[in-house]
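User: I am new to reading protein models. Please take a close look at one part with me, then connect it to its surroundings.

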Amino acid sequence: MDEELTESLWVRIKGRAGAGDIIVGVCYRPPDQGDRADEASYRQIGAASHSQALVLMGDFNHPDICWRDNTAGHKQSRRFLECVDDNFLLQVIEEPMRRSGMLDLILTNEEGLVGDVKLKGSLGCSDHEMVEFRILRAARRACSKLTTLDFRRADFGLFRDLLGRIPWDKALEGRGAQDSWLIFKGHLLQAQERCIPTKRKSSKNTKRPAWMNKLLLGKVNHKKEAYRGWKQGQVAWEEYRETVRAARAQVRKAKALIEFSLARDVKDNKKSFYSCVSDKRRMRENVGPLWNEMGDLVAQDMEKAEVLDDFFASVFTGKCLSHTAQVTEGRDWENAEPPTVGEDQVREYLRNLKVHKSTGPDEMHPHVLREVAD
């Protein structure tokens with residue numbers, strides 16, 4: 001019976017997008033649909049959400065849901081919101097339709113998969129609006145080939161010991177600045193390769209939010225199991241309610257902790273803060289069309305890059321050259337004494353390096369240089 005119910009509410013289409021498969025579902029929920037059909041549809045949504053890429057569209061008939069605040073007025077709408085949250089689905093339509101309510105929705109389990117959502121007006125005599133959207137990229141994520149240093153498994157004690165065993169005075173004796181630098185760099189990178197393992201960089205677009213960990217994921221799965229047991233009469237209502245409250249409390253606590261850590265470390269680690277802000281955005285904003293010097297409107301990425309490059313060159317080149325000329329003319333470099341550099345100055349600079357910055361052209365990470373400052 002459940003299959004008959006869901007077959008009338010769900011049409012599944014499996015297509016290819018780039019290198020992987022994508023599941024596209026078309027769903028329709030009549031206004032007089034019963035609780036049994038609702039639960040059957042929610043179970044199928046939960047099963048489909050485990051696929052690599054899912055796009056679910058249709059008329060869900062929940063006009064009282066406020067997607068901006070994630071709130072709803074009716075019990076059925078709140079149950080639908082709970083299903084969407086439990087399966088980590090995103091609703092991508094932002095413009096209201098049909099008397100400021102959203103009935104037609106587009107849900108996806110991967111941020112950035114659906115974009116360019118537009119409302120194209122009514123279709124014939126229908127009071128619903130046509131929704132146009134694009135699947136922007138391949139469904140299957142390409143495996144990252146970039147590697148980064150895994151500082152959690154680093155042995156900096158061994159690192160300092162290896163560098164301390166090198167007789168630097170003898171190794172750099174009679175060497176020029178460039179040769180001494182290359183010798184120092186070679187020893188440092190060899191010790192780094194031995195003491196700090198590497199790992200593959202994780203994909204930028206991840207399905208789980210930043211606050212979700214293994215323990216919390218177990219709590220959410222336990223809540224789902226308790227719900228299925230309660231519907232089947234195997235779990236008491238009080239037990240299910242306590243499970244839901246415990247899972248909700250853990251989720252709120254995890255969100256509060258990660259927000260607190262972002263606010264606490266924002267001065268030293270701005271990358272994590274702006275990464276969190278970027279993940280909150282549902283739509284990615286790109287640079288719009290630009291006017292070039294000839295008065296033509298350019299829309300291609302390469303042409304826009306050239307326009308911006310020409311503009312920055314026109315703004316900064318003249319000032320930089322004049323400033324360099326003033327500095328060169330204003331000081332007698334031939335008779336000036338060379339600057340003195342002491343160990344305390346170098347040590348102070350190394351200890352104040354920002355460890356969250358990326359590796360520079362010298363292939364030395366700021367975290368490594370700060371750890372071995374002495």
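In which helix is E303 found?

Analyst: This is a predicted model. E303 is found in helix α10, which covers residues 301–329. Is the residue buried or exposed? E303 is partly exposed, because its relative accessible area is 36% and the partly exposed class lies between 20% and 50%.

Now look at the charges. E303 belongs to a negative surface patch. The other members are E293, E306, D309 and D310.

There is also a nonpolar patch on the surface. V287, L308, F311, F312, V315 and F316 form it. Together they have about 550 Å² of accessible area. Take V287 as one of them. V287 sits in the loop between α9 (270–280) and β10 (290–291). Its relative accessibility is 48%, so V287 counts as partly exposed.

Next, the salt bridges. The count comes to twelve. Here are some of them.

K223 pairs with D86, and their closest N and O atoms are 2.9 Å apart. K223 lies in helix α7 (residues 214–231) and D86 in helix α3 (residues 75–86), so this pair ties together parts that are 137 residues apart in sequence. K223 is buried, at 12% relative accessible area. D86 is buried too, at 14%.

R134 forms a salt bridge with D116. Here the closest N and O atoms are 3.2 Å apart. R134 is in strand β7 (residues 129–135) and D116 is in strand β6 (residues 114–122), so the pair ties together parts 18 residues apart in sequence. R134 counts as exposed, at 51% relative accessibility. D116 is partly exposed, at 35%.

D374 forms a salt bridge with R351, with the closest N and O atoms 2.9 Å apart. This pair links distant parts of the chain. D374 is in the segment after α12 (366–371), R351 is in helix α11 (residues 343–351), and the two are 23 residues apart. D374 counts as exposed, at 73% relative accessibility. R351 counts as partly exposed, at 44%. Salt bridges that share partners join D344, R347, R351 and D374 into one network.

Last, the cysteines. The count of disulfides is zero. C83 is buried, at 4% relative accessibility. C195 is buried, with a relative accessible area of 4%.

Back to the starting point: E303 is in helix α10, and E303 is part of the negative surface patch.

Key:
Residues are numbered from 1 along each chain as its sequence is written. This is a predicted model: local features need pLDDT of at least 70, side-chain atom pairs count only at pLDDT 80 or more; totals for chains, interfaces and linings use all residues. Side-chain values use heavy atoms; hydrogens and water are left out. Patches are made of residues with over 30% relative accessible area and no salt bridge: like charges are joined within 9 Å, nonpolar side chains (Val, Leu, Ile, Met, Phe, Trp, Tyr) within 5 Å. Accessible areas come from the Shrake-Rupley method with a 1.4 Å probe; for residues, only the protein chains shown count as cover. A salt bridge is a side-chain nitrogen of Lys or Arg within 4 Å of a carboxyl oxygen of Asp or Glu. Lys and Arg count as positive and Asp and Glu as negative; His and the chain ends are not counted. The place of a charge is taken as NZ of Lys, CZ of Arg, CG of Asp or CD of Glu. Helices (H or I, at least four residues) and strands (E, at least two) are DSSP runs, numbered from the N terminus. Buried means under 20% relative accessible area, exposed over 50%, partly exposed in between (1.4 Å probe, protein chains only). A disulfide is a pair of cysteine sulfur atoms within 2.5 Å.
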